[in-house]
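Let's take a friendly walk through this model together. Keep the sequence and the 3D view side by side as you read.

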Amino acid sequence: QVQLVESGGGLVQAGGSLRLSCAGSGRTVRRYAMGWFRQAPGKEREFVASISWSGGNTYYADSVKGRFTISRDNAKNTVYLQMNSLKPEDTAVYYCAAGRTSTVVAGGWGYWGQGTQVTVSS
């Protein structure tokens, strides 16, 4: 099985930065595409960013493009989301996901972490 564990969430002021990490279960996750989604109360789960298994292709939602960067370290089975210039509207629970291929549709991903809360104060 694939197990994902997020960390790095917390409280940050608007304009600040935060880096999220997602640790995979082992060598078996190395060939999976990885993604980040977020969900605020009362809203649908929203695509944030994704990265191919090789790290060569990345995709971003328009709302975070230029501010967030996704990366991965396959030797550590870990994917990261560097978040800069944070805004209050970025406040949400952030989830990492793994799947056979990248998609903006949450239902297209096979495995999910437990989520980590990110709160941006004004």
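The report below goes through the strands, some individual residues and a pocket.

## About the model

This is a predicted model, in which local features need pLDDT of at least 70 and side-chain atom pairs count only at pLDDT 80 or more, while totals for chains, interfaces and linings use all residues. Residues are numbered from 1 along each chain as its sequence is written, and side-chain values use heavy atoms, with hydrogens and water left out.

## The four-stranded sheet

Start with an open sheet of four strands, ordered β1-β3-β8-β7, with antiparallel pairing. Strands here are DSSP runs (E, at least two residues), numbered from the N terminus, and two of them pair if DSSP finds at least two bridges between them. The edges are taken by β1 (5–7) and β7 (68–73); each has a single partner strand, so one side of each lacks a neighbour in the sheet. From one strand to the next, the twist averages 15 degrees, with axes being lines fitted to C-alpha atoms and angles running from 0 to 180 degrees between N-to-C directions.

At one edge, three bridges link β1 to β3 (residues 18–23) in the antiparallel sense, and Glu6 faces Cys22 of β3. At the other edge, β7 and β8 are antiparallel partners over six bridges, and Ile70 stands opposite Leu81 in β8. In a regular strand the side chains alternate between the two faces of the sheet. On β7, the covered face carries Phe68, Ile70 and Arg72, whereas Thr69, Ser71 and Asp73 are on the uncovered one.

## Two buried leucines

Leu20 sits in β3 and Leu81 in β8 (residues 78–83). Are they buried or exposed, if buried means under 20% relative accessible area, exposed over 50%, and partly exposed in between (1.4 Å probe, protein chains only)? Leu20 is buried at a relative accessible area of 0%, and Leu81 is buried, also with 0%.

Contact means heavy atoms within 4.5 Å. Leaving out residues up to four places away in sequence, the contacts of Leu20 include Trp36, Leu81, Tyr94 and Val118. With that exclusion, Leu81 touches residues including Leu20, Trp36, Val48, Phe68, Ile70 and Tyr94. Leu81 also lies 9.6 Å from Gly8, C-alpha to C-alpha, with their positions 73 residues apart in sequence.

## Hairpins around β5

Next, look at strand β5 (residues 46–51): five of its six residues are buried, so the strand is largely enclosed by the rest of the structure. Strand β4 (residues 33–39) runs antiparallel to β5 and is joined to it by five bridges, with Gly35 opposite Ser50. These two strands, β4 and β5, make a hairpin with six residues between them, and Gly42 in the turn has a positive phi of about 80 degrees.

β5 also pairs with strand β6 (residues 58–60), antiparallel and over three bridges; here Ile51 stands opposite Thr58. The β5 and β6 hairpin has six residues between its strands, and Gly55 in the turn shows a positive phi of about 85 degrees.

## Positive phi outside glycine

Which residue takes a positive phi near 50 degrees in the hairpin of β7 and β8? That is Asn77, in a hairpin with four residues between the strands. Asn77 is not a glycine, and it is buried with a relative accessible area of 18%.

Ser85 is another residue other than glycine with a positive phi, near 50 degrees. Ser85 lies in the loop between β8 and β9 (92–99) and is partly exposed, with a relative accessible area of 41%.

## Serine 121

Ser121 belongs to strand β11 (residues 116–121) and counts as partly exposed at 27% relative accessibility. Residues up to four places away in sequence aside, Ser121 touches Leu11, Val12, Gln13 and Ala14. The C-alpha atoms of Ser121 and Gly15 are 9.4 Å apart, although 106 residues separate them along the chain.

## The largest pocket

Finally, the largest pocket holds about 160 Å³ of space. Of its 13 lining residues, Arg38, Lys43, Glu46, Glu89 and Asp90 are the closest to its centre. On a 1 Å grid over the protein atoms alone, a pocket is an open set of points where a 1.4 Å probe fits, with protein on both sides within 12 Å along at least five of seven lines; lining residues have an atom within 4 Å of a point. Grid points are joined across faces, edges and corners, and the volume is the space filled by probe spheres set on them.

By class, the lining has eight charged, three polar and two nonpolar residues. Asp, Glu, Lys and Arg count as charged; Ala, Val, Leu, Ile, Met, Phe, Trp, Tyr, Cys and Pro as nonpolar; and the others, Gly among them, as polar.
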